[in-house]
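Please open the model in your viewer and keep the selection panel at hand. The tour moves from domains to the whole chain and then to a single helix.

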Amino acid sequence: MKLENFNYELPESLIAQEPVEPRDSCKLMVLDKETGHLSHHVFTDILDEIKENDLIVFNNTKVIPARLNGYRKQTGGKVEVLLLTPKGNDEWEVLVNPGRKALIGQEIIFSDKFYCVVLDKTDFGGRRVKFYYDGDFDLLLDEVGEMPIPPYIHKKLKNKEEYQTVYAKYKGSAAAPTAGLHFTSELINKIKEKGAEICFVTLHVGLGTFRPVNEENIEDHEMHKEWYVISEQTADAINKAKKEGRRIIAVGTTSVRTLESAGQSGKLKAGANWTNLYIYPGYSWKIVDAIITNFHLPESTLLMMMASFVGTDKILNAYKEAVAKKYRFFSFGDAMFLR
């Protein structure tokens, strides 16, 4: 399958630069995967789409202020470090910009209490570093770090909570699970009142989610690993719902990856593990029956995942319609419900 088959035209003016207020007032497109039929709503109308006994799965990861601006001790040159994956003992896999100058043994200074040393290169073009600090690592990170909003968003955040879901709990992500940004606490309560069940998984969003595809044939792309956790309680609830024929609705691509990774046997396994699951057309779906998601970048693995779920022609037709109706795209953009 060719990468160019997952391209589409998007005016830059439709790339959302800030979230709508309130969160659940964005547009919502509903796409029927069998017929390709489209309808247009506001996000609070998701209540009309959710049925009693549906089970909705959220990713409760919490974004850390993972973007650090520092300088090389030896030269004074500016360096940006993006935290990706903790490896224990204060060591992290990171992306460094400019990477070519982040030589092994170099010190990168962030404050008088906080610096790292480059230990090694990684197989994805990043670096392995070790942090040294005086005080508490998380507090220093909050002090020095910035929220790692994507490069296509040029506006500064008014506050860090704009890039955090209302149910975020476990720190570890380098990017927000953005489909969840549309939910308010009030909307979640209304979903529960309707009789739907709610569960949480944790997947810490890293390079795997936003790394671009550079290969001409999409099958040649390799996903980077991301860490997920599924509790016994969540696994039991999902397996029971599947057995009873109830819908499993995943909120966001990260919830999808977690459920499908742990459910390859058709039954969800509790536990913690790495996943590099790559979902593109031809994939055989195991757990997920419906998806709440955003509009994704052209030629991205996330768009390929949606094409796998509903069909490439149907998803590209929906995106064409979204452009025509001036939907807002990407992280702070509008939402889709694929059912």
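**Domains and their contacts**

In this predicted model, begin by colouring the protein chain by its two parts, selecting 1-61 + 157-336 for domain 1 and 65-144 for domain 2. If you place a marker at the centre of each domain, taken over C-alpha atoms, the centres of domain 1 and domain 2 are separated by 30 Å. Next, select the residues through which the two parts touch: ten residues of domain 1 are in contact with twelve residues of domain 2.

**The whole chain**

Now return to the full protein chain and show it as a cartoon, where eight helices and 17 strands make up the secondary structure. Reduced to its C-alpha trace, the protein chain extends over about 60 × 45 × 40 Å along its principal axes. Its radius of gyration is 20 Å, which agrees with the value near 20 Å that a compact globule of 339 residues would have. If you draw contacts between residues with a separation of 6 or more, 70% of them join residues 24 or more positions apart.

**Surface and charges**

Switch to a surface view: the protein chain exposes about 15500 Å², and 47% of that area is supplied by carbon and sulfur atoms, while 55% of the 339 residues count as buried. Selecting the charged groups gives 44 positive and 47 negative charges, whose mean positions are 1 Å apart.

**An enclosed helix**

Which residues should you select for helix α6? Choose residues 253-262; ten of the ten are buried, so helix α6 is largely enclosed by the rest of the structure. Among the buried residues of α6 are the charged-type side chains Arg257 and Glu260, together with Val256 and Leu259.

Definitions and conventions. Residues numbered from 1 in each chain as written. Predicted model: local features only at pLDDT ≥ 70, side-chain atom pairs only at ≥ 80, totals over all residues. Heavy atoms only, no water. Helix = DSSP H or I, 4+ residues; strand = E, 2+ residues; numbered from the N terminus. Rg over C-alpha atoms; globule rule 2.2 N^0.38 Å. Buried < 20%, exposed > 50% of the residue type's maximum accessible area, 1.4 Å probe, protein only. Contact = heavy atoms within 4.5 Å. Areas by Shrake-Rupley, 256 points an atom, 1.4 Å probe, with all protein chains shown as cover. Charge placed at Lys NZ, Arg CZ, Asp CG, Glu CD. Domains from an automatic or database assignment.
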